[in-house]
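Open the model in your viewer and have the residue numbering switched on. This tour goes from stop to stop, saying what to select and what is there.

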Amino acid sequence: MNNNWWRSKKEMDQAQKDFIRLPVEGRYLLSGPPGSGKTNLLLLRAEVMVGSGEKDILFITFTRSLADFIRSGAVAKGFVKPDQIRTFHSWAAEYVNLNLRQRLSWNDGEFGDDSRAQALEQLIAANAERQSEKMYSAIFVDEAQDLSVGELTALLELSDKVCVCGDDRQGIYHQDGMEIADRIGLDSHKLTKHFRIGQEIAKVADKLMPPPRGGQLLESSCNYDPALQGASSAILHTCDTRQHQLTEMHRIINIQLDAFPGEALGIFCPTQEDRLEIKEYFSKTELASRISTHGVDQDATFASDSIIHIMTLHASKGTEFRCVHIFGAEGLRRYPLRRTTLSYTGVTRAKTALNVYKTGDTTPKMESAFATPVLFGLDNLFPDD
């Protein structure tokens, strides 16, 4: 997975370099579209902080998969230690237990407003009992849109040096974390270009979730280079059965493994149960030893030798893959939690190739995003006239 992380300054544009060069003493918010390098920049800022001698840092994100993904990027340079990269829940549970001797009310995997509100009360109480005013040299937060302003405020008061990044358009938990800059006075910086997402994938993303009024299309802000990274593609496959979805995916993956040797591929699905269906199919193929099923396999990690990663669309947040496959897209029709934003998040994890599979109808927005305009009129409506 190291090919997802910058290995040279030549891979960065001037705006990205300028953000890294901001004074380490600052308190910053970084926003930008998918593929603009936010997570890369956040990790680099953390590495600069540790390299400058401020070693007691905390790096927070929301999901376990993203925390694991970021650890895979931190390994190369070794400045940020794996145990410094935490999910908000795991850190808060430890912090509340340390200061209050209580269990956190919010269980991992729970997203209900009531449990989160009760957990926030515990976190605020734990802050009141803490031994030191500032607990960390610096705090870094990725995917801030998944946290509330209250949660971020309680967390960020534990350090004078903070750096937060996120994108409102990728929030799927109805939280207001990106308002934190105005609430506590962070210095805001915005990236406008993206480099990871191919043009054809950007077109689908823009149709799936058009930008807000005055906003910029992903396609128009795209700096993806097909000559270097390969021509991009985005295809919606209509299959007779779910087994057909799996065999078609298998066929395409074998082609991609030859086309992009050493590059990681992601298989996403709407539900946790879908992961088991995919895992069972591939466990009987020649690819069995090359697959990790996140949230199922105990040893599933981005730092492993696995080249194909199976996960839910929720778990895919913040990750990136050369090729993305979305299985069982028909399941999005009945998925209750912000299915359009969830679909947008999954689609924009792909760099070069996006393949979505469905049996029956998926959501109208997904269908429309892949639709090719054709001439259609009265003669089509009344073919017998």
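The stops below cover a sheet, some helices, several salt bridges and a surface patch in a predicted model.

**Stop 1: the open sheet**

Start with the strands. Select β3, β2, β4, β5, β1 and β6, in that order: these six strands form an open sheet, and their pairing is parallel. The ends of the sheet are β3, residues 85-87, and β6, residues 187-190, each of which pairs on one side only. From one strand to the next, the twist averages 20 degrees. In general, the strands of a sheet pair through backbone hydrogen bonds, and the pairing can be parallel or antiparallel.

Now zoom in on β2 and β4. How many bridges join β2 to β4? There are four, and the two strands run parallel. To see one of the partnerships, select L58 and then I139, its bridge partner in β4.

Add helix α4, residues 88-100, to the view. This helix lies across β2 and β3, and runs at about 90 degrees to β3.

**Stop 2: two buried helix residues**

Select N40, which lies in helix α2. With a relative accessibility of 11%, N40 counts as buried, because that value falls under the 20% cut-off. Leaving aside residues up to four places away in sequence, which residues does N40 touch? They are N4, W5 and W6.

Move on to D68 in helix α3, which spans residues 64-74. D68 is buried too, at a relative accessible area of 13%. Show H294, A300, T301 and F302 as well: D68 touches these four, again not counting residues up to four places away in sequence. For a distance across the model, draw a line from the C-alpha of D68 to the C-alpha of L191. The two are 25 Å apart in space and 123 residues apart in sequence.

**Stop 3: helix α8 and what covers it**

Select residues 199-208, which make up helix α8. Which residues of this helix are buried? They are I201, A202, V204, A205, D206 and L208. Keep them displayed and add β7 (233-238), α12 (339-347), β12 (350-358) and α13 (364-370), which are among the elements covering the buried residues of α8.

**Stop 4: salt bridges**

The model has 21 salt bridges in total. Three pairs and one network are visited here.

Begin with E54 and K161, which form a salt bridge whose closest N and O atoms are 3.6 Å apart. E54 sits in the loop between α2 (38-51) and β2 (57-61), while K161 sits in the loop between α6 (149-156) and β5 (162-166), so the bridge ties together parts that are 107 residues apart in sequence. Are these two residues buried or exposed? E54 counts as partly exposed, at 27% relative accessibility, whereas K161 counts as buried, at 17%.

Next, select E143 and K317. Their salt bridge brings the closest N and O atoms to 3.4 Å from each other. E143 belongs to the loop between β4 (138-141) and α6, and K317 to the loop between β10 (308-312) and β11 (321-326), so this pair ties together parts that are 174 residues apart in sequence. Both ends are buried: E143 has a relative accessible area of 5%, and K317 has a relative accessibility of 1%.

For the third pair, select E320 and K351, whose side chains meet in a salt bridge of 3.7 Å, N to O. E320 is in the loop between β10 and β11 and K351 is in strand β12, so the parts tied together are 31 residues apart in sequence. E320 counts as buried at 14% relative accessibility, and K351 counts as buried at 4%.

Finish this stop with R242, D274, E277 and E330. Salt bridges that share partners join these four residues into one network.

**Stop 5: a nonpolar patch on the surface**

Switch to a surface view and select V374, F376, L378, L381 and F382. Together they make a nonpolar surface patch of about 600 Å². Within this patch, pick out L378, which is found in helix α14, residues 378-381. Its relative accessibility is 62%, so L378 counts as exposed, the cut-off being over 50%.

Definitions and conventions: Residues are numbered from 1 along each chain as its sequence is written. This is a predicted model: local features need pLDDT of at least 70, side-chain atom pairs count only at pLDDT 80 or more; totals for chains, interfaces and linings use all residues. Side-chain values use heavy atoms; hydrogens and water are left out. Patches are made of residues with over 30% relative accessible area and no salt bridge: like charges are joined within 9 Å, nonpolar side chains (Val, Leu, Ile, Met, Phe, Trp, Tyr) within 5 Å. Accessible areas come from the Shrake-Rupley method with a 1.4 Å probe; for residues, only the protein chains shown count as cover. Buried means under 20% relative accessible area, exposed over 50%, partly exposed in between (1.4 Å probe, protein chains only). Contact means heavy atoms within 4.5 Å. Two strands pair if DSSP finds at least two bridges between them. Axes are lines fitted to C-alpha atoms, for helices over the stretch in contact, and angles run from 0 to 180 degrees between N-to-C directions.
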